[in-house]
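Please walk me through this structure, beginning with its cysteines and moving on to its surface charges and backbone angles.

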Amino acid sequence: SGTYAVTITTSANCTASDEVDVTIYQQPTVDLGADVEQCGGSVNLDAGTAVSYNWSNSETTQTVTVSSSAVYAVTITDANGCTATDEAEVTVNAEPTVDLGVDQFVCGGTVTLDAGAASAYEWSDASTAQTLTVTTGGTYSVTITDANGCTATDDALIGIAPVPTVDLGADVSQCGGSVNLDAGTAASYLWSDASTGQTLV
């Protein structure tokens, strides 16, 4: 910047002079940072301090919050009318879901939990298959990872009660009288004659 003057001289030795003021403003800068890739949620882009802003999504504020994948560009203008532009690529991957279903309570046997399709699995027992077969009650959880590296977690409470046993004894053959059948201790009973007591005479 400065005042620049010139004097010219013709072949007849005549002269003329002029001058001009030149102002060169410092070029502004804008930096939206590195490209962003994340699982779900939103991303805040900040163009820094300026007089005005013109974003590629038509926003005119210093910061914008975006939640969809795209290349976002901004042009800033400073107090001198000078401009600068920057852009950032934002990738917001959809978050995966996993559902182990409702809690289950069964009598004996096993329960198989299925985490569905995913790239990787990590169960609470450290196994890494899509399914987990459990034989004892407890709370079981799984974290799945999809192709984008995004994760989701779910758990399920499994109750496996021991199968009860009942023994009416050996078959009975006798002459006259009655036979007392005892089903042992239980919460409820249902005999073949529809009676509901512990014993049947």
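A disulfide is taken here as a pair of cysteine sulfur atoms within 2.5 Å. The model is a predicted one, in which local features need pLDDT of at least 70 and side-chain atom pairs count only at pLDDT 80 or more, while totals for chains, interfaces and linings use all residues. Residues are numbered from 1 along each chain as its sequence is written, and side-chain values use heavy atoms, with hydrogens and water left out.

By the sulfur criterion the count comes to one disulfide, which joins Cys39 to Cys150 with an S to S distance of 2.1 Å. The two cysteines are 111 residues apart and link distant parts of the chain, since Cys39 belongs to strand S3 (residues 36-39), whereas Cys150 sits in the loop between strand S13 (138-145) and strand S14 (151-161); strands (E, at least two residues) are DSSP runs, numbered from the N terminus. The torsion about the S-S bond of Cys39 and Cys150 is about -90 degrees, and the disulfide is therefore left-handed.

How exposed or buried are the cysteines can be judged from relative accessible area, where buried means under 20%, exposed over 50%, and partly exposed in between, with a 1.4 Å probe and protein chains only. Cys150 has a value of 0% and is therefore buried, while its partner Cys39, at 32%, counts as partly exposed. Cys14 is likewise partly exposed, at 44%, and Cys175 reaches 83%, so this residue is exposed.

Strand S3 also holds Glu37, which is exposed because its relative accessible area is 56%. Together with Asp35, Glu87 and Glu89, Glu37 forms a negative surface patch. Patches are made of residues with over 30% relative accessible area and no salt bridge, like charges being joined within 9 Å, and a salt bridge is a side-chain nitrogen of Lys or Arg within 4 Å of a carboxyl oxygen of Asp or Glu. For this purpose Asp and Glu count as negative, and the place of a charge is taken as CG of Asp or CD of Glu.

The backbone offers two further places to inspect. Ala126 has a positive phi of about 80 degrees although it is not a glycine; Ala126 lies in the loop between strand S11 (120-123) and strand S12 (131-134), and at 59% relative accessibility it counts as exposed. For Ala194, phi is near 80 degrees, again a positive value in a residue other than glycine. Ala194 is found in the loop between strand S15 (181-182) and strand S16 (199-200), and its relative accessible area of 54% makes Ala194 exposed.

Definitions and conventions
Helices (H or I, at least four residues) and strands (E, at least two) are DSSP runs, numbered from the N terminus. Patches are made of residues with over 30% relative accessible area and no salt bridge: like charges are joined within 9 Å, nonpolar side chains (Val, Leu, Ile, Met, Phe, Trp, Tyr) within 5 Å. Accessible areas come from the Shrake-Rupley method with a 1.4 Å probe; for residues, only the protein chains shown count as cover.
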